[in-house]
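Here's a walk through one fold, told from the inside out. Have the viewer open and follow along.

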Amino acid sequence: MRIISGNLRGKKLFTPKDANVRPTTDRTRESIYNILYSKLDKPFQEYSILDIFSGTGAFGLEALSRGAKDATFVDIDLNLTKKNIDLCGFKNTMLIKSDARFIGKAKQTYDIVFMDAPYNKGLTEPVLDNLYKNNYLTPNTIIIVELAKNEDLNLDDRFNIIDTRIYGVSKVIFLNI
């Protein structure tokens with residue numbers, strides 16, 4: 001696993017030694033960023049990133065390498081994320097060690113949210129609800145959700161699906177509110 005673009009292009013990241021962390025593949029991450037860029041309405045350097053279920057932190061670190069303003073990483077175990085942040089040397093980061101279903105009120109809103117919950121555990125919907133209720137999102141926030149290809153995403157009327165793609169065993173859904 002590596003950073004695929006930006007200032008740290010090619011930088012190898014620490015990867016998990018166990019099966020509890022399932023990082024998004026480089027190819028899928030690259031495709032997500034290509035689609036994401038087509039949906040942006042301002043320079044990428046103005047975007048704040050929220051990486052939920054961060055695992056290795058690869059999505060947020062990729063954003064920082066590409067010039068994002070800042071990135072916040074949320075996970076119940078941030079050891080691998082922190083190791084990779086230190087490896088990359090980024091300072092414009094914040095870590096929130098928490099179950100994403102229960103993180104409190106937002107200290108800021110985010111322009112791009114990436115969520116890659118453990119597959120088929122029913123975690124995505126309650127996290128989206130929590131992010132909405134606790135003011136992490138704006139009407140301009142782009143939310144990217146990665147699920148298992150056969151996993152359903154049951155959304156209420158607050159969320160709009162703007163794009164869906166399948167990559168191998170994964171399904172990636174782009175949302176807004």
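The buried residues of H1 pack against helix H2 (58–65), S4, S5, S6 and S7, where contact means heavy atoms within 4.5 Å. Those buried residues are Asp26, Thr28, Arg29, Ser31, Ile32, Tyr33, Ile35 and Leu36. Buried here means under 20% relative accessible area, with exposed over 50% and partly exposed in between, using a 1.4 Å probe and protein chains only. H1 itself has 14 residues and reaches 20 Å from its first C-alpha to its last, close to the 20 Å expected at 1.5 Å a residue; that expected span is 1.5 Å times one less than the number of residues.

A quick word on ground rules. This is a predicted model, in which local features need pLDDT of at least 70 and side-chain atom pairs count only at pLDDT 80 or more, while totals for chains, interfaces and linings use all residues. Residues are numbered from 1 along each chain as its sequence is written, and side-chain values use heavy atoms, with hydrogens and water left out. Helices (H or I, at least four residues) and strands (E, at least two) are DSSP runs numbered from the N terminus, and two strands pair if DSSP finds at least two bridges between them.

Now the sheet. Seven strands make an open, mixed sheet, ordered S3-S2-S1-S4-S5-S7-S6. Strand S3 (93–97) and strand S6 (160–167) sit at the edges with a single partner strand each, so one side of each has no neighbour in the sheet. On average, neighbouring strands are turned by 15° against each other, direction ignored. Helix H1 (residues 26–39) packs on this sheet, touching strand S4 (112–115), strand S5 (142–148), S6 and strand S7 (170–176), and its direction makes about 150° with that of S6. Helix H4 (residues 124–133) lies across S1, S4, S5 and S7, running at about 155° to S4. Axes are lines fitted to C-alpha atoms, for helices over the stretch in contact, and angles run from 0 to 180 degrees between N-to-C directions.

Three of the pairings look like this:

| Strands | Sense | Bridges | Facing residues |
|---|---|---|---|
| S1 and S2 | parallel | five bridges | Leu50 and Thr72 |
| S4 and S5 | parallel | four bridges | Ile112 and Ile142 |
| S5 and S7 | antiparallel | six bridges | Val145 and Ile173 |

How many residues of S5 are buried? Seven of the seven are, so S5 is largely enclosed by the rest of the structure. The chain gets from S4 to S5 through H4, in a right-handed β-α-β crossover (with the strands pointing away from the viewer, the path from the first strand over the helix to the second runs clockwise).

On to the cores, each a set of buried Ala, Val, Leu, Ile, Met, Phe, Trp, Tyr and Cys residues joined through side-chain atoms within 4.5 Å. The largest has 29 residues, and Leu36, Phe44, Ile49, Leu61, Ile112 and Ile144 have the most contacts inside it. Its largest share, five residues, comes from H2. Leaving out residues up to four places away in sequence, the neighbours that Leu61 touches include Ile3, Phe73 and Phe90. Another core lies apart, with 24 residues, among them Leu50, Tyr110, Met115 and Leu123.

Last, two backbone oddities. Most residues other than glycine have a negative phi. Phe53, in the loop between S1 and H2, has phi near 55° and counts as buried at 16% relative accessibility. Asn120, in the loop between S4 and H4, also has a positive phi, about 55°.
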